Amino acid sequence: MPKPENPQSAQIISRRRVAEHGEVFTAEREVRAMCDLVGQECERIASRFLEPACGQGAFLVEILHRKLAVVAARYPRPQIVWEQYACLAVSSLYGVEILPDNVAVCRRRLFEVFDAAYTSLFGDGCKEACRRTVQRMLELNIVWGDALTLKTPDNAQKPIVFAEWSDTGNGLFKRRDFTLANLLENQPMEGLNLFSDLGEQAFLPTPVAEYPLIHFLKIGEP
Ligand SMILES: C[S@@+](CC[C@H](N)C(=O)[O-])C[C@H]1O[C@@H](n2cnc3c(N)ncnc32)[C@H](O)[C@@H]1O
């Protein structure tokens with residue numbers, strides 16, 4: 001069923017933010033039309049998307065809706081399998097945004113999309129561990145950063161780092177971290193592939209950190 005248009009979604013918060021940051025959010029109708037252009041990719045659960053200058057996550061939210069619809073259709077039961085694929089879907093979405101309040105809203109909206117789907121399917125059986133995993137993934141994947149300098153927009157000027165998540169089977173996920181600058185090296189901006197899994201000859205970025213395999217329900221543990 002198509003998602004209803006949100007009549008309250010404002011495209012502009014203030015004139016000042018438009019002037020200083022070019023902040024005009026994309027309307028849902030346009031978001032949907034653009035996602036339709038890459039419809040099959042939006043339905044591949046593991047297909048990775050980066051929304052640079054993601055604002056409040058207009059595109060990421062729509063893509064997550066589409067991916068979770070696929071998860072529900074293909075893997076409605078058992079619950080643990082739905083959870084694993086839903087976490088994989090969340091783990092595939094990346095955003096960079098310069099305004100911290102937008103980062104927070106983007107993460108919150110994505111969590112709400114996940115949680116509404118989760119709760120509607122499993123109600124009281126939902127696990128806090130799974131919710132924490134999703135929150136942790138969103139903390140790492142939706143980054144406060146400057147998409148032009150590829151660094152944090154504070155005095156520290158740290159490189160933007162993304163976590164690559166791979167589902168290795170049996171509920172075990174692998175995390176490797178890369179700097180965005182390294183991922184973008186040797187990449188044409190047109191047809192850019194972030195962590196491509198399409199099997200083409202590709203430049204191999206070097207991780208700045210690698211983590212042991214971890215069960216996906218433990219990712220959010222402190
Ligand atoms: C035109 S809005 C688009 C937001 C969202 N992608 C959408 O389609 O609704 C541009 C966004 O980019 C952010 N932005 C501006 N300069 C940026 C930069 N150098 N790095 C990251 N984000 C930036 C703004 O704060 C704003 O949220």
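The ligand sits in the largest pocket. The model is predicted. The exercises below work through this site and two cysteines.

**Exercise 1. Describe the shell around the ligand: how many residues surround the ligand, and which are the closest?**

Step 1. Count the shell. The ligand is surrounded by 20 residues.

Step 2. Name the closest. They are Thr 26, Glu 51, Glu 97, Asp 146 and Ala 147.

Step 3. Sort the shell by class. It holds 10 nonpolar, 6 polar and 4 charged residues.

**Exercise 2. Find what lies around the ligand's nitrogen atoms, then state how much of the ligand the protein covers.**

Step 1. Take the side chain of Asp 146. One of its N or O atoms is 2.9 Å from a ligand nitrogen.

Step 2. Turn to the backbone. An N or O atom of the Ala 147 backbone is 2.8 Å from a nitrogen of the ligand. At Ile 98, a polar backbone atom lies 3.3 Å from a ligand nitrogen.

Step 3. Check the cover. On its own, the ligand has 590 Å² of accessible area, and the protein covers 84% of that.

**Exercise 3. Decide how many disulfides the structure has, and examine Cys 35 and Cys 42.**

Step 1. Search the whole structure. The result is 0 disulfides.

Step 2. Test Cys 35. Its nearest cysteine sulfur belongs to Cys 42, 4.4 Å away. A disulfide needs the two sulfur atoms within 2.5 Å, so this pair does not qualify.

Step 3. Test Cys 42. The nearest cysteine sulfur is that of Cys 35, and Cys 42 is in no disulfide.

Step 4. Check accessibility. Cys 35 has a relative accessible area of 3% and is buried. Cys 42, at 0%, is buried as well.

Key: Residues are numbered from 1 along each chain as its sequence is written. This is a predicted model: local features need pLDDT of at least 70, side-chain atom pairs count only at pLDDT 80 or more; totals for chains, interfaces and linings use all residues. Side-chain values use heavy atoms; hydrogens and water are left out. Buried means under 20% relative accessible area, exposed over 50%, partly exposed in between (1.4 Å probe, protein chains only). A residue is near a molecule or strand if one of its heavy atoms lies within 4 Å of it. A polar contact is a pair of N or O atoms within 3.5 Å; within protein, one must be able to donate a hydrogen and the other to accept it, and residues adjacent in sequence count only if both atoms are side-chain atoms. Accessible areas come from the Shrake-Rupley method with a 1.4 Å probe; for residues, only the protein chains shown count as cover. On a 1 Å grid over the protein atoms alone, a cavity is a set of points where a 1.4 Å probe fits but cannot get out, and a pocket is an open set with protein on both sides within 12 Å along at least five of seven lines; lining residues have an atom within 4 Å of a point. A molecule sits in a cavity or pocket if more than half of its atoms lie within 2 Å of its grid points. Ala, Val, Leu, Ile, Met, Phe, Trp, Tyr, Cys and Pro count as nonpolar, Asp, Glu, Lys and Arg as charged, and the others, Gly among them, as polar.
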